[in-house]
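Visitor: Could you take me through one part of this protein up close? Pick a single residue to start with, then show me how the rest is put together around the ligand and the sheets.

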Amino acid sequence: MNLANIRNFSIVAHIDHGKSTIADRIMLHAGAVTEREFHNQLLDSMDLERERGITIKASAVTMYVNYKGEKYMLNLIDTPGHVDFSYEVSRALTACEGALLVVDSAQGVEAQTVANAYLAINEDLEIIPVLNKIDLPAAMPETVIEELGNILGIGQEECIYVSAKSGKGVDDLIGAIIERLPAPEDHINDKLQAMVFDSHFDEYRGVICYLRVVSGSIKEGQKISFMSCGHSYTVTELGKFTPKMDKRKELGCGEVGYMIANIKSLSDVRVGDTITSLDEPAEEPLPGYEPPMQMVFSDFYPAQSSDYPKMKAAFERLALNDSSFTFFPQNSPALGFGFRCGFLGLLHMEIVQERLERENDIEVIQTSPSVSYEVLSTSGEIFKVDSPSQLPEKSEIEEFREPFVKLEIIMPKDYIGTVMQLAEQRRCVVGKTEYLGSNRVMMQFKAPLAEIVYDFYDILKGATRGYATMDYELLGFEKSDLVKIDILVNKVEVDALSTIVHRDSAETRGRKMITRLRQAIPRQQFEVPLQVAVGGKVIARETIKAYRKDVTSKLYGGDITRKMKVLKKQKEGKKRMKSVASVQIPQEAFKSVLKSG
Ligand code: GDP
Ligand code: MG
């Protein structure tokens with residue numbers, strides 16, 4: 001197709017503002033889905049994606065529309081909607097020339113509206129602001145326009161009014177896509193450069209790469225190579241999703257589609273990498289490639305040690321489908337054999353955890369998630385610390401660093417005080433505050449990732465009756481006063497419970513952990529001290545008093561079968577204990593201590 005008739009765009013929005021419904025509407029308009037499929041799709045989306053209000057993986061759909069007597073190819077590139085995947089979002093956006101910025105006209109501009117708009121602006125995209133849900137009685141388009149103007153400098157005349165639900169305004173939207181978004185740049189005669197912006201693993205066909213051809217063209221049967229890793233393959237199939245898989249012999253400059261090339265594992269393909277011709281390679285890869293960066297780490301142990309091989313096989317399968325997930329064998333004296341796992345963020349971790357339990361039926365003990373730290377050693381080396389056990393001796397640490405983020409929170413102005421207080425408790429430093437309109441503000445903070453990654457969002461939601469929204473982006477690592485706290489059970493350090501925290505919260509955090517432990521470990525036949533230590537010095541202590549529990553005493557002798565049942569149950573319970581320093585610790589105790597910060 002003529003380059004001038006191609007439009008590549010994404011839809012970005014805060015969760016639930018209507019991105020998927022608008023995408024479906026555009027497809028319906030283009031005939032890519034039928035009316036029936038449109039309604040089915042609305043229902044279908046009640047699955048995992050819907051449940052969590054996110055799109056886990058990006059994909060692309062090609063549509064054809066007639067506009068003013070000419071045929072146009074529209075490539076709609078989907079982006080993951082969550083901050084954990086912001087690198088993937090940025091790659092998907094570079095595959096586009098424009099973005100629809102969708103705002104729910106009853107909700108207004110939210111944190112991810114702003115974050116996504118910035119990402120699109122950074123990629124130099126043309127933005128079409130879309131006010132969705134104008135059918136709602138609570139719609140307040142004037143207020144939303146004011147907010148868009150104040151925060152993003154967007155003018156009223158640019159906005160398109162849409163109801164994705166009824167279809168109203170969708171014609172105007174398609175007109176705007178064609179009239180306002182630029183066509184791809186002409187690099188038809190240059191050497192092949194195609195950017196991989198997503199990939200999927202298909203059990204039968206291997207890896208399916210989504211790509212945007214930036215220059216030259218790619219053909220079936222061609223030998224290609226990936227410029228960052230150097231691997232080469234022969235293209236076995238090319239095509240587009242329309243939205244069904246639709247084979248093509250060639251994908252030309254400016255086009256978006258998929259490639260299959262006998263690639264066995266997702267770990268062989270990197271989002272952001274450049275594909276070029278093996279025989280006539282481009283001089284340089286496209287800019288912006290970054291290897292995936294795991295920011296959250298957690299240890300996974302099988303509750304039954306016999307499940308270890310099953311867990312290993314499950315992780316291998318998961319990694320095949322998810323190149324951002326990493327796992328390494330880990331051995332803990334307390335919990336046995338398990339794995340140290342790395343994730344892009346907390347949501348990513350929850351997705352993997354859920355799949356592990358649901359698809360593999362393995363009961364898991366998981367250590368509380370921690371961020372990745374950095375240590376500058378006295379010999380001048382910088383290395384990553386993903387686990388308290390990797391921490392070098394104190395004398396070898398010149399500087400201990402933790403990751404900081406730029407945090408943005410949008411809320412009604414009445415909550416400024418509440419949010420300030422919460423932020424202070426979490427070591428956040430307040431930056432600028434901007435008014436969106438007369439009622440709502442956006443506050444910026446510099447925040448330690450460790451303080452917000454876990455439960456901050458839930459607490460923020462609770463404190464603002466659900467009104468606040470937030471988003472963050474990584475700034476980098478900075479020096480911080482961090483310590484490792486150790487938990488001792490019966491004077492023996494339980495490595496799996498060690499954790500890195502800021503010095504100011506070491507005692508509170510440690511106390512919380514041993515209180516939970518005391519509540520979760522049954523009394524033993526001897527007294528068991530529980531201690532918190534920092535650098536070998538005990539800073540808090542609790543004691544489990546000695547007690548011999550006679551579980552059958554309550555049963556008034558009589559009923560022998562009932563008594564047997566109780567004893568049997570107790571025996572089963574014992575099997576799920578881990579013995580640490582001759583103390584029987586139930587799995588549940590680990591779980592309750594590791595559960596949260
Ligand atoms: P996403 O999270 O941005 O993909 O949002 P969805 O497209 O899943 O929409 C979120 C909710 O808003 C769903 O219940 C949709 O049916 C509803 N919705 C989407 N567009 C409209 C609209 O124009 N009007 C109304 N009333 N509801 C809409
Ligand atoms: Mg959606």
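Guide: Let's start with Gln 444, which sits in strand E26, residues 440–448. Keep in mind that this is a predicted model. Gln 444 counts as buried because its relative accessible area is 13%, and the cut-off for buried is under 20%. Its side chain has a polar partner: the side chain of Glu 408, at 2.7 Å. Glu 408 also turns up among the residues that Gln 444 touches, together with Lys 406 and Leu 407. The other residues touched by Gln 444 are Val 429, Val 430, Gly 431 and Lys 432, leaving aside anything up to four places away in sequence.

Zooming out for a moment, the protein has 597 residues, and 53% of them are buried. There are 15 helices and 34 strands. If you take contacts between residues at least 6 apart in sequence, 69% of them link residues at least 24 apart. The accessible surface comes to about 27,500 Å², with 48% of it belonging to carbon and sulfur atoms.

Now for the ligand. Ligand 1 has 16 residues around it, and the closest are Asp 16, Lys 19, Ser 20, Thr 21 and Asp 135. By class, that shell splits into three nonpolar, seven polar and six charged residues. Helix H1, residues 19–30, gives the most to the shell, with three residues. For polar side-chain atoms, look at Thr 21, where an N or O atom is 2.5 Å from an oxygen atom of ligand 1. Asn 132 has a side-chain N or O atom 3.1 Å from an oxygen atom of the ligand, while Asp 135 places a polar side-chain atom 2.7 Å from a ligand nitrogen. On its own, ligand 1 has 590 Å² of accessible area, and the protein covers 78% of that.

On to the sheets. One open sheet has six strands in the order E2-E3-E1-E4-E5-E6, and its pairing is mixed. Its edges are E2 (60–67) and E6 (160–161), each of which pairs on one side only. E2 runs antiparallel to E3 (residues 70–77), with eight bridges joining the two. Within that pair, Ala 60 has Ile 77 in E3 as its bridge partner.

Elsewhere, E18 (residues 326–332) and E19 (residues 336–343) pair in the antiparallel sense over seven bridges. Pro 329 stands opposite Phe 339 in E19. The two strands, E18 and E19, make a hairpin with three residues between them.

A few backbone details are worth a look too. Thr 242 and Pro 243 are joined by a cis peptide bond, with omega about 0 degrees. Pro 243 belongs to the loop between E12 (237–241) and E13 (245–248). Asp 124 has a positive phi of about 60 degrees, even though it isn't a glycine. You'll find Asp 124 in the loop between helix H5 (111–122) and strand E5 (126–132), and it counts as exposed because its relative accessibility is 69%. Lys 491 also has a positive phi without being a glycine, near 70 degrees. Lys 491 lies in the loop between E28 (482–489) and E29 (492–493) and is exposed, with a relative accessible area of 56%.

Key: Residues are numbered from 1 along each chain as its sequence is written. Chains are lettered from A and ligands numbered from 1 in the order in which they are written. This is a predicted model: local features need pLDDT of at least 70, side-chain atom pairs count only at pLDDT 80 or more; totals for chains, interfaces and linings use all residues. Side-chain values use heavy atoms; hydrogens and water are left out. A residue is near a molecule or strand if one of its heavy atoms lies within 4 Å of it. A polar contact is a pair of N or O atoms within 3.5 Å; within protein, one must be able to donate a hydrogen and the other to accept it, and residues adjacent in sequence count only if both atoms are side-chain atoms. Accessible areas come from the Shrake-Rupley method with a 1.4 Å probe; for residues, only the protein chains shown count as cover. Helices (H or I, at least four residues) and strands (E, at least two) are DSSP runs, numbered from the N terminus. Ala, Val, Leu, Ile, Met, Phe, Trp, Tyr, Cys and Pro count as nonpolar, Asp, Glu, Lys and Arg as charged, and the others, Gly among them, as polar. Buried means under 20% relative accessible area, exposed over 50%, partly exposed in between (1.4 Å probe, protein chains only). Contact means heavy atoms within 4.5 Å. Two strands pair if DSSP finds at least two bridges between them.
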